[in-house]
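I opened the notebook today to look up charged pairs and cysteines, and I put the entries down in the order in which I checked them.

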Protein chains: 2
Amino acid sequence: MLPPVTHSRAVVLASRPVGEPARSNLRLETRELPAVADGQVLLRTIYLSLDPYMRGRMNATRSYAKPVEVGEVMEGGTVCEVLESASPAFSPGDIVLAHSGWQTHAVQDSQSLRRVDPAKAPISTALGVLGMPGFAAYVGLTEIGRVRPGETLVVAAATGAVGSVVGQIAKIQGAHTVGIAGGARKVAFLRELGFDVALDHRSPTFEYELSEAVPDGIDIYFENVGGAVWDAVFDHLNDFARVPVCGLISQYNETSAPAGPDRLPQLMSAINIKRLVVRGFTQRDFISTHYSEFQRDMSAWLSAGRIKYREDFVDGLENAPDAFFGLLKGKNFGKLIVKVADDPTRPAPPVP
Amino acid sequence: MLPPVTHSRAVVLASRPVGEPARSNLRLETRELPAVADGQVLLRTIYLSLDPYMRGRMNATRSYAKPVEVGEVMEGGTVCEVLESASPAFSPGDIVLAHSGWQTHAVQDSQSLRRVDPAKAPISTALGVLGMPGFAAYVGLTEIGRVRPGETLVVAAATGAVGSVVGQIAKIQGAHTVGIAGGARKVAFLRELGFDVALDHRSPTFEYELSEAVPDGIDIYFENVGGAVWDAVFDHLNDFARVPVCGLISQYNETSAPAGPDRLPQLMSAINIKRLVVRGFTQRDFISTHYSEFQRDMSAWLSAGRIKYREDFVDGLENAPDAFFGLLKGKNFGKLIVKVADDPTRPAPPVP
């Protein structure tokens, strides 16, 4: 019999970064777990999701969610196995989606968990294509992008967890899709994903290539990057274009406003004259209204092979910080997931 | 018997302004009228509407409507009397809403006209509260602002043709309304219009007064001004705030982007984090879907005395240019209308 689990290894916020985060801002430590109270479960983390929004949680400033406090465990979505349960809703061995953060074990209230069915899809997809990033792509497109057949959609970070789903759903809905990524390997993968045009933002002629790719202008620009891609896209936006603003990863490490001229008036003028819709959103504002519809549609698309996905696994919680720093620079290739412990639902690889 | 009308006096675009328009950009001239063809009518202009959007038509650059060409009559909405008709739809003496521009007479296709009923309201209101500006306020609020009872709405240029209607409709719909205008007389009028708070943007403590006026933040900022008002409003926008962008009168004479820092990233970040909706619109995109509903609602509100309006009349077409330049500086007080000829539906004032 295994000894009882009393402690968790965790990555905590050691100090708040100014600009680009560094190893010194995060600290690996061992924390004592609380007792499992009535209605709670003890979890073992199998997979930890790493996502760009986490950079915002490291700041003290107000956002749509409260910051992680210094000394607290870094926030994050996880797929876990139930080890002990004091809740009638779950039994040991159950696989659940939690938001238990960057740690090996956690005690959580059972009502904060969602059951994951290993028979339906690999359980890691609950953090990607069947989880938060996939849902963000889905609601951003359907509720704000409102793609119509024949329209042109552009998305950057297009091999990523959100962008790859955006492009594929838009294609299913009949759009002309242009995906933007960095480097030849990612661009090649964009073609596998079915993008009509795949562009490399590192190309010295990127702006020209983009203009060639959108002869009829851009009807939907799904914004999850900002910066230079926005600048290139801006002049091509059509009248009545929609810009769901899902994220701005290129800006997350900025500490001050860039030098002028001030382009705010120009943006407002374009919004006015072109009757643009520029709307920010987070997926969680839509969970109560759209989540089950998403699960139904996405499961069907996956089963039919109409949506592909790619996962980028990193082994070991201790490697989460460097993987996260790489994510902010676009070094990951596909949905970035930390494998914190062995996945009991996947057979072990054969011994060579 | 009166001699036949063969010519029109007109204000034409003499040259394109760079920055602030001047008298030299406009020219009064006499133009020969074409013959009245089948399906057409000859009109005598009674009222000409002056509106901020006309500044945009003086530029060569692309907008949601094509520019006025140099040498052509300035564009504008008018209320006219039919003098001659070669259309079964109209008879001499009928009053119509036209888009015949800055001139005393015009020959127009009958299908471009809308009948105005002098028994319903003063015919000049077809250019204001019952016309384009009133409709812009109505669709901007209902389709984009989506006011809910108890929410806070802010609007600037709030004694103007659009702003005054925005504030009053929002009040009818249960909002806490904050109106912004320039100068004591206009601020006093805001109170007559029923705004909950009336602010003078010329006050040295304007920003402080605004923050006091919106203790619960701002849920709807109806944007028709831009510039310093936007800057003051920006930090008070609540999560999920809506910003219908109707116009940006403070920017229309700008010839280059202002000095930095570049605040575009900051705006995009706020849109993202606060899940703002920033959406440009023009009323004419909604005519086919919302115009009759607007006429029904606004007529009822006017009859019930729930919406008040103020008109600022200028006598004589020759005074239109100066009146228009004043409009761009906020010198008008209420809906600005040029009285081009006597209104046959209003009794002459008694001889003193």
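How many salt bridges does a search of the whole structure find over all chains? I count 40 over all chains, taking a salt bridge as a side-chain nitrogen of Lys or Arg within 4 Å of a carboxyl oxygen of Asp or Glu.

I note that this is a predicted model, in which local features need pLDDT of at least 70 and side-chain atom pairs count only at pLDDT 80 or more, while totals for chains, interfaces and linings use all residues. Residues are numbered from 1 along each chain as its sequence is written, chains are lettered from A in the order in which they are written, and side-chain values use heavy atoms, with hydrogens and water left out.

I looked up D94(A) and found its side chain in a salt bridge with that of R115(A), at 3.0 Å, N to O. D94(A) lies in the loop between β4 (78–85) and β5 (95–98) of chain A and R115(A) in strand β7 (residues 114–115), so the pair ties together parts that are 21 residues apart in sequence; strands here are DSSP runs (E, at least two residues), numbered from the N terminus. D94(A) is buried at 17% relative accessible area, where buried means under 20%, exposed over 50% and partly exposed in between (1.4 Å probe, protein chains only).

In chain B, I found D94(B) and R115(B) joined by a salt bridge at 3.0 Å, N to O. D94(B) is buried at 18%, whereas R115(B) is partly exposed at 48%.

I also recorded a network of salt bridges linking R27(A), E29(A) and R31(A).

Lastly, I counted zero disulfides over all chains, a disulfide being a pair of cysteine sulfur atoms within 2.5 Å. C80(A) is buried at 0% relative accessible area.

Key
Helix = DSSP H or I, 4+ residues; strand = E, 2+ residues; numbered from the N terminus.
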